[in-house]
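Here's a quick tour of the model you're about to open. Have the viewer ready and follow along.

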Amino acid sequence: MTHAEPVYEHPYPPAELESEHPFRVLDFVEYPPDEMAERAAAFEALMTRRRSPRLFSDRPVPRELIESAIRTAATAPSGAHKQPWRFVATKSAEVKTAIRAAAEEEERVNYLESRMNDEWQEALAPIGTDHHKEFLELAPWIVVLFEERFERRPDGETRKNYYVKESVGIAAGIFISALHNMGLATLTHTPSPMAFLTRMLGRPDNERPFVMFPIGYPLPDVKVPDFDRKPLDEVMVMVDEPAD
Ligand code: IYR
């Protein structure tokens, strides 16, 4: 028996809308239930193995893989479909060296001159991060994800972007997943403050750095903190009736 679908009181798109803006039928692939369960388990197992290494190999990574990860990340949903992201990629030794030097200088102030307070430093103690950021020079690629705070059109006019942090955050998540899926590692690195990246990478004033990704193969046998993830019952709440 086929499932009887609900009839919407307010269909979408309404005819007037469709007469003014183009629409197309969603390209949705449905899988049989057992295949859904298999795919869910396979993706969960894949993502469970994702970690953020702090030592990268300097083995080269083809540009096509980085481009694919960026195209995949740019499928993210965004506020009003503004796609307020720019992925700035470099494999230039000169650029990576300059980024490392500037990041280490900012981090030196954070760690050694107490720009990060004691509570913050205590929270980081089990990870053991410090101001040394060699991976920024050694990883074959650095991609810096910029948020486009507002749109600047070719004629110089500006337009607002919406939900920029949410949109860029989702794109970052998809980017990390795409890299992991293709067998590459990355570390979400946020040297603070990051304004030097705007200058160094020659970005316009409507863009602000959001997160930096050194990308490559992990150094063989690299160690990561022996962390467990919160179990489902600590990250999921099921609600069966209104609370008030
Ligand atoms: N930006 C610094 C500090 C840092 C902060 C957090 I929160 C981390 O999870 C890791 C590091 C650094 O990159 O060292």
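Start in the sheet, where Phe-87 stands opposite Leu-145 in S2. That pair belongs to the contact between S1 and S2, which run antiparallel over 6 bridges. Keep in mind that this is a predicted model, with a mean pLDDT of 96 for the protein.

**The sheet**

- Four strands make an open sheet in the order S1-S2-S6-S5, and the pairing is antiparallel.
- S1 and S5 sit at the edges, each pairing on one side only.
- S2 (residues 141-148) also pairs with S6, again in the antiparallel sense, and this time over 8 bridges.
- If you want a spot to click on in that pairing, Val-144 stands opposite Met-212 in S6.
- S5 and S6 are joined in the antiparallel sense over 2 bridges, and here Thr-186 has Ile-215 of S6 as its bridge partner.
- How much of S6 is buried? In this strand (residues 207-216), 9 of the 10 residues are buried, so S6 is largely enclosed by the rest of the structure.
- As background, strands of a sheet pair through backbone hydrogen bonds, either parallel or antiparallel.

**The nonpolar core**

- The largest nonpolar core counts 36 residues, and those with the most contacts inside it are Ile-142, Val-143, Val-144, Leu-145, Ala-172, Phe-175 and Ile-215.
- Which elements give two or more residues to this core? They are H3, S1, H4 (93-112), H6 (135-138), S2, H7 (164-181) and S6.
- H7 supplies the largest share of the core, with 8 residues.
- Back to Leu-145: leaving out residues up to four places away in sequence, this residue touches Trp-85, Phe-87, Val-168, Ala-172, Phe-210, Val-211 and Phe-213.
- Two names from the sheet turn up again among the best-connected core residues, namely Val-144 and Ile-215.

**Around the ligand**

- What lines the ligand? The residues around it are Glu-107, Asn-110, Leu-124, Thr-129, His-189, Thr-190, Pro-191 and Ser-192.
- By type, that shell splits into 2 nonpolar, 5 polar and 1 charged.
- Ser-192 is worth a second click, as the peptide bond from Ser-192 to Pro-193 is cis, with omega near -5 degrees.
- Pro-193 itself lies in the loop between S5 (185-186) and H8 (195-200).

**Backbone oddities**

- For reference, most residues other than glycine have a negative phi, and most peptide bonds are trans.
- Another cis peptide bond runs from Tyr-12 to Pro-13, with omega near -5 degrees, and Pro-13 is in the segment before H1 (15-20).
- Ala-80 has a positive phi of about 55 degrees although it isn't a glycine.
- You'll find Ala-80 in the loop between H3 and S1 (85-90).
- Buried or exposed? Ala-80 is exposed, because just 12 other C-beta atoms lie within 10 Å.
- Gln-83 isn't a glycine either, yet it has a positive phi of about 50 degrees; its place is also in the loop between H3 and S1.
- Gln-83 is partly exposed, with 18 other C-beta atoms within 10 Å.

**A stop at Glu-137**

- Glu-137 lies in H6 and is partly exposed, having 18 other C-beta atoms within 10 Å.
- Which residues does Glu-137 touch? Not counting residues up to four places away in sequence, they are Lys-96, Thr-97 and Arg-100.
- The C-alpha atoms of Glu-137 and Ser-92 are separated by 9.3 Å, with the two residues 45 apart along the chain.

**Overall numbers and confidence**

- The protein has 9 helices and 6 strands.
- Along the principal axes, the C-alpha atoms fill a box of roughly 65 × 50 × 45 Å.
- Of the 244 residues, 23% count as buried.
- Among contacts with a separation of 6 or more, 80% come from residues 24 or more positions apart.
- On confidence, 100% of the residues reach a pLDDT of 70 or more.
- Where is the mean pLDDT lowest and highest among the elements? The lowest is in H5 (residues 118-124), at 91, and the highest is in H3 (residues 63-73), at 99.

Definitions and conventions. Residues are numbered from 1 along each chain as its sequence is written. This is a predicted model: local features need pLDDT of at least 70, side-chain atom pairs count only at pLDDT 80 or more; totals for chains, interfaces and linings use all residues. A residue is near a molecule or strand if its C-beta atom, placed from the backbone, lies within 6 Å of it. Ala, Val, Leu, Ile, Met, Phe, Trp, Tyr, Cys and Pro count as nonpolar, Asp, Glu, Lys and Arg as charged, and the others, Gly among them, as polar. pLDDT is the predictor's confidence in each residue, from 0 to 100. A residue is buried if 20 or more other C-beta atoms lie within 10 Å of its own, exposed if 12 or fewer, and partly exposed in between; C-beta atoms are placed from the backbone. Two strands pair if DSSP finds at least two bridges between them. A nonpolar core is a set of buried Ala, Val, Leu, Ile, Met, Phe, Trp, Tyr and Cys residues joined through C-beta atoms within 7 Å. Two residues are in contact if their C-beta atoms, placed from the backbone, lie within 7 Å.
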